[in-house]
Amino acid sequence: MMMYIAMLVVGLVYLVLMIITRLHGPSWQATVLKSFTSFFFLTTLGVAALTEGRHFQFALFVGGGLLLGLMGDIWLELKGLYPEDAESWTMVGFLVFLMGHFFYLAAVTSVTGFQMEGFVAGLIGALAALVFIYIGEKPMHLQYGKFKVIFSIYGALLFFMAAYTVACAVLLRNLGLLVMGIGGVFFLLSNLVLSMIYFGEEKKDRPALLVINYVLYYVGQYLIASSVLWIGCGF
């Protein structure tokens, strides 16, 4: 457990350094620090998996999702370093994160099997996401442009994953799934903030939104990484 806590502390230190650096604008230093911050949610998963000692398949699927998250973090950061190719980096970043969520869903299913109630909750969440994206665009002063289709698919999957995981956690009274589901909610909230940064009418990095986005995102990812520690526990 001490090693697990140490990974969280190191990740927090890198997160603070990355945010401070990133607030001065996109840079290679910020990109490297972000990579290390993301790398440590992978090491947190590894330590948590070794501590728990079981549910290897669940840990493996979660690791796949986190690895894709690390790759997505780097690609999205590169859009600020290469503004002429910003649209391509953004598209690739969203696609990678989208694929990562299929790994998270596979992790949940490896523990729960098929749960109809959870699946229905996920569908309701996905539908809510689509309604929010298509109806809320103008009231929220957002302009998705050519990213509307991919962001709609991505957003629907984020809502599905969060709702499905929390519902399964409640149905099976599984603490690890509840931690993962809460992590999914933080991840979802970070993307709502990200949509304001990327698709807001001003389309610029606002310091407060950047900080909120990074904090929500990394809390979510570290919770997802930590979920394996309690996957065998009830509540």
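Gln221 is buried, since its relative accessible area is 0%. This residue sits in helix α8. Apart from neighbours within four places in sequence, Gln221 touches Phe41, Leu66, Gly69, Tyr104 and Phe187. The model described here is a predicted one.

From this buried residue we can turn to the start of the chain. Helix α1 covers residues 2–22, and its 21 residues should span 30 Å at 1.5 Å a residue. The C-alpha atoms at its two ends are 30 Å apart, in agreement with that figure. Which residues of α1 are buried? They are Tyr4, Met7, Gly11, Leu15, Met18, Ile19 and Arg22. Viewed down the axis of α1, these buried residues fall within an arc of 100°, so they line one face of the helix. A general point about helices helps here. An α-helix has 3.6 residues a turn, so residues three or four places apart point the same way.

What do the buried residues of α1 pack against? Their partners are α2 (28–52), α3 (56–81) and α8 (207–226). The last of these is the helix that holds Gln221. On the other side of α1, Met2 and Leu12 are exposed.

Some nonpolar residues lie on the surface. Met1, Met2, Ile5, Val9, Val13 and Leu17 form a nonpolar patch there, and together they have about 590 Å² of accessible area. One of them, Leu17, belongs to helix α1. Leu17 has a relative accessible area of 41% and is therefore partly exposed, because that class lies between the 20% limit for buried and the 50% limit for exposed. Ala6 is another residue of helix α1, and with a relative accessible area of 30% Ala6 is also partly exposed. Between the C-alpha atoms of Ala6 and Gly125 there are 35 Å, and the two residues are 119 residues apart along the chain.

The next topic is charge. Side chains of opposite charge can pair when their charged atoms come close. How many salt bridges does a search of the whole structure find? The search finds three. In one of them, the side chains of Arg22 and Glu77 meet, with 2.9 Å from N to O. Arg22 is in helix α1 and Glu77 is in helix α3, so this pair ties together parts that are 55 residues apart in sequence. Arg22 and Glu77 are both buried.

Glu77 also forms a salt bridge with Lys34, and here the closest N and O atoms are 3.2 Å apart. Glu77 lies in helix α3 and Lys34 in helix α2, so the pair ties together parts that are 43 residues apart in sequence. Both of these residues, Glu77 and Lys34, are buried.

A further salt bridge joins the side chains of Lys146 and Glu87, at 2.9 Å from N to O. This pair links distant parts of the chain, 59 residues apart: Lys146 is in the loop between α5 (116–136) and α6 (148–172), and Glu87 is in helix α4 (residues 86–112). Are these two residues buried or exposed? Lys146 counts as exposed, at 59% relative accessibility, and Glu87 counts as partly exposed, at 45%. Returning to the buried residues, salt bridges that share partners join Arg22, Lys34 and Glu77 into one network.

Helix α5 can be read in the way that α1 was. It has 21 residues and reaches 29 Å from its first C-alpha to its last, close to the 30 Å expected at 1.5 Å a residue. The buried residues in α5 are Gly118, Gly122, Gly125, Ala126, Ala129, Ile133 and Gly136. They cover an arc of only 130° around the axis, which puts them on the same side of α5. The face of α5 turned away from this buried side carries the exposed residues Ile124, Leu127 and Ile135. The cover over the buried residues of α5 includes α6.

Helix α6 itself has 25 residues, which should span 36 Å at 1.5 Å a residue. Its end C-alpha atoms are 36 Å apart, which agrees. Which residue just after α6 takes a positive phi? That residue is Arg173, with a phi of about 50°. A positive phi is noted here in a residue other than glycine. Arg173 is placed in the loop between α6 and α7 (175–199). At 48% relative accessibility, Arg173 counts as partly exposed.

How values were computed. Residues numbered from 1 in each chain as written. Predicted model: local features only at pLDDT ≥ 70, side-chain atom pairs only at ≥ 80, totals over all residues. Heavy atoms only, no water. Helix = DSSP H or I, 4+ residues; strand = E, 2+ residues; numbered from the N terminus. Expected span 1.5 Å × (residues − 1). Buried < 20%, exposed > 50% of the residue type's maximum accessible area, 1.4 Å probe, protein only. Arc of directions from axis to C-beta. Contact = heavy atoms within 4.5 Å. Patch = residues over 30% accessible without salt bridge, like charges linked within 9 Å, V, L, I, M, F, W, Y side chains within 5 Å. Areas by Shrake-Rupley, 256 points an atom, 1.4 Å probe, with all protein chains shown as cover. Salt bridge = Lys/Arg side-chain N within 4 Å of Asp/Glu carboxyl O.
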